[in-house]
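Work through the exercises below with the model open. Try each task before reading its solution.

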Amino acid sequence: MLRSHEDLVAHRESLLGDGELPDCCIHVCAGTGCRAAGSYETYDEFKRLADPSRVRVRATGCQGFCEKGPLVIIEPHDIFYQRVLPSDTAKVLDITVGRNVALQNLLVDDPVTGETSRAKHDVRFYGKQKPIVLGKCGRIDPEEIDDCIAQGGYGALAKALTSMTPEEVIAEVKLSGLRGRGGAGFPTGVKWESGRRTAGDMKFVIANGDEGDPGAFMDRSIMEGDPHSVLEGMIICAYAVGNCRHGYIYVRQEYPLAVKHLEIAVTQARELGLLGDDILGSGFSFDIELRRGAGAFVCGESTALMFSIEGTRGMPRVTPPRSVEAGLFGKPTVLNNVETLANIPWIITEGAAWFRNMGTEDSPGTKVFALTGKVRNTGLIEVPMGITIREVVNEIGGGVLGDREIKAIQVGGPSGGCLTREHLDLPLDFDSLDEVGAMMGSGGLVVMDEDDCMVDVARYFLSFTQVESCGKCPPCRIGTSEMLAILDRITQGKGKPGDIERLQAIGTQVQETSLCGLGQSAPNPVLSTLAHFREEYEAHVNDGYCPAGVCSGLGSYRIMSEKCILCGLCLDACAFGAVVDGHRSYFIDSETCTACRACLQVCPVDCIEVVPAMNEAVTP
């Protein structure tokens with residue numbers, strides 16, 4: 001049991017001062033992404049073959065570059081390996097660990113220059129990143145609290161409890177300018193201050209880990225890779241708010257590894273006296289309980305989340321009263337996103353001025369994004385606020401796949417908005433995104449090229465939010481359903497005059513009159529694509545075709561003879577006999593063609609284009 005700040009310091013020094021530490025440490029990424037690629041089999045093989053007196057093998061959290069997994073970092077050789085299979089482990093131990101020679105086939109090749117990088121910091125994907133929240137995720141074993149303590153874990157808690165008053169903690173957080181990383185961007189210090197000012201003999205603190213955006217895994221990776229940072233941030237928050245002895249971490253059941261690591265972290269923190277009664281001899285007592293969500297997207301909204309914790313149906317309620325006045329079980333409650341709380345230990349340890357040196361004046365610090373889509377390098381990134389979209393896509397992402405042009409960037413998940421290539425130099429911060437009709441959201445960032453249909457993209461994201469609507473308020477329940485019906489009709493080639501205007505009108509009404517943030521932001525993908533890609537909607541409705549060739553059954557298909565290499569793949573793929581062999585060229589009979597897209601998908605030289613039906617000629 002650690003009964004004082006001095007005990008914590010002594011324990012850390014004992015961990016760092018052990019003279020029998022191994023000569024080498026192998027960090028194997030064991031986050032969900034790499035596990036899916038077989039990283040735990042690689043880890044087991046390293047453990048089986050390595051001499052524990054010379055080599056420590058550590059299973060870490062997410063190292064970010066998910067598409068290259070299983071990932072392995074070898075220290076002190078400063079070597080970063082990709083796609084390390086169990087069959088590679090013996091060579092790694094012999095050649096790299098034993099002789100300090102890198103295996104070229106496991107190093108990362110730059111997708112732009114072709115150069116090979118030996119060290120992690122030389123890999124393009126990591127070059128412009130600033131790992132703060134994710135700083136420990138690839139370096140500690142999340143199931144070992146001693147790993148966390150050795151790297152400074154719970155030092156901020158000891159500092160807050162022993163040398164800062166609750167008011168001073170809040171003042172430091174306010175001065176840092178930290179804004180909520182769950183999407184709304186509300187100032188964290190202001191929320192804490194409101195919670196402290198609210199009278200109450202019992203208050204609650206909640207960590208929101210209900211990350212439901214498709215393709216988003218920022219919070220999941222933090223909870224999996226560094227769960228103690230979340231716990232530490234929660235304890236500091238409870239101390240600052242006052243009269244708070246109990247907190248909850250709300251995490252969705254679909255995150256089994258995050259749940260497992262959080263449960264282990266809570267148990268280990270209790271065993272060391274970092275949770276429970278009289279933490280570090282300060283007289284302050286606080287404990288944490290996990291609550292698993294059933295996967296409802298609406299439970300990411302604060303009031304719906306609290307109803308879910310209470311055991312009732314997760315549905316938003318009207319505010320005021322705000323949660324800091326009457327939240328969980330009717331008591332004052334402060335709720336923060338997981339990533340927000342993971343920033344707190346850094347702010348307390350390093351100071352507000354240090355934190356404000358990163359990011360922008362109004363959006364200081366860093367932000368974790370899930371970079372996906374038509375980009376060479378995909379994965380989890382942490383970058384300073386204010387970095388431009390162009391830097392993220394080209395410098396970190398390595399550019400668009402196939403050297404194609406960017407068509408759109410979806411920022412903020414299903415509640416966000418689609419931006420165009422004209423927005424590439426837009427800074428990624430709260431206010432800049434709000435100004436152009438997008439939002440930070442939880443941090444999804446999807447890159448799209450000319451092969452993506454923006455009407456279909458809007459339909460996809462709206463279909464998600466429509467299904468996830470709790471149905472409590474009519475604007476969201478009825479409005480999103482009506483909008484989706486219109487989009488379904490348009491993408492099926494059944495659009496009617498006035499559909500575009502109706503989408504705009506309904507979307508605006510849903511935005512302005514819905515009860516909670518889900519409904520208020522649900523129309524964003526539709527309204528933003530209408531603003532920036534209206535011509536695609538008009539092509540679907542007025543000309544009956546999809547310019548990207550995505551929506552089946554729309555338009556006519558034409559083979560560009562000047563590009564055709566007469567491979568015959570389209571002839572073989574067409575199940576309806578619409579592709580005709582003209583001996584010296586192929587052509588498509590528009591009367592027979594069903595626009596099923598089979599020919600488009602198999603053509604190796606992109607010589608098939610989709611055109612409005614009225615402009616198609618059927619002769620060779």
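The exercises cover helix packing and strand pairing in this predicted model.

**Exercise 1. Helix H8 against helix H9**

Task: Find the angle at which the axes of H8 and H9 cross, and classify the pair.

Solution:
- Start with the ranges. H8 spans residues 166-176 and H9 spans residues 188-197.
- Take the axes next. They come within 7 Å and cross at roughly 155 degrees.
- Angles over 145 degrees count as roughly antiparallel, so H8 is roughly antiparallel to H9.
- Add the handedness. H8 passes H9 in a left-handed crossing.
- List the contact residues. H8 supplies Pro166, Glu167, Val169, Ile170, Val173 and Lys174. H9 supplies Thr188, Gly189, Val190, Trp192, Glu193 and Arg196.
- Sort the residues of this contact by class: 6 are nonpolar, 2 polar and 4 charged.

**Exercise 2. Helix H8 against helix H11**

Task: Repeat the analysis for H8 and H11, residues 227-241.

Solution:
- The axes of H8 and H11 come within 7 Å. Their crossing angle is roughly 120 degrees.
- That angle lies outside the parallel, antiparallel and perpendicular ranges, so H8 and H11 are oblique to each other.
- H8 passes H11 in a left-handed crossing.
- Pro166, Val169 and Ile170 of H8 meet Ile236, Tyr239 and Ala240 of H11.
- The class count for the contact of H8 with H11 is 6 nonpolar, no polar and no charged.

**Exercise 3. Strand S1 and its partners**

Task: Is S1 enclosed or open, and which strands pair with it?

Solution:
- Check burial in S1, residues 24-29. Buried means under 20% relative accessible area. Here 6 of the 6 residues are buried, so S1 is largely enclosed by the rest of the structure.
- Split the side chains by direction. Cys24, Ile26 and Val28 point one way from S1, while Cys25, His27 and Cys29 point the other way.
- Pair S1 with S2, residues 55-60. The two run parallel, joined by 6 bridges. Isoleucine 26 has valine 57 of S2 as its bridge partner.
- Pair S1 with S3, residues 72-75. This pairing is antiparallel, over 4 bridges. Histidine 27 stands opposite isoleucine 73 in S3.

**Exercise 4. The hairpin of S13 and S14**

Task: Describe the hairpin of S13 and S14, then the directions of the S14 side chains.

Solution:
- S13 covers residues 406-411. S13 and S14 are antiparallel, with 4 bridges.
- Locate one bridge: valine 411 is partnered by glycine 417 in S14.
- Count the residues between the strands: 5. Glycine 412 takes a positive phi near 95 degrees in this hairpin.
- Turn to S14, residues 417-420. Gly417 and Leu419 point one way, Cys418 and Thr420 the other, and all are buried.

Terms used
Residues are numbered from 1 along each chain as its sequence is written. This is a predicted model: local features need pLDDT of at least 70, side-chain atom pairs count only at pLDDT 80 or more; totals for chains, interfaces and linings use all residues. Side-chain values use heavy atoms; hydrogens and water are left out. Axes are lines fitted to C-alpha atoms, for helices over the stretch in contact, and angles run from 0 to 180 degrees between N-to-C directions. Angles under 35 degrees count as roughly parallel, over 145 as roughly antiparallel, 65 to 115 as roughly perpendicular and the rest as oblique. A crossing is left-handed if the near helix is turned anticlockwise from the far one by less than a right angle, and right-handed if clockwise. Contact means heavy atoms within 4.5 Å. Ala, Val, Leu, Ile, Met, Phe, Trp, Tyr, Cys and Pro count as nonpolar, Asp, Glu, Lys and Arg as charged, and the others, Gly among them, as polar. Buried means under 20% relative accessible area, exposed over 50%, partly exposed in between (1.4 Å probe, protein chains only). Two strands pair if DSSP finds at least two bridges between them.
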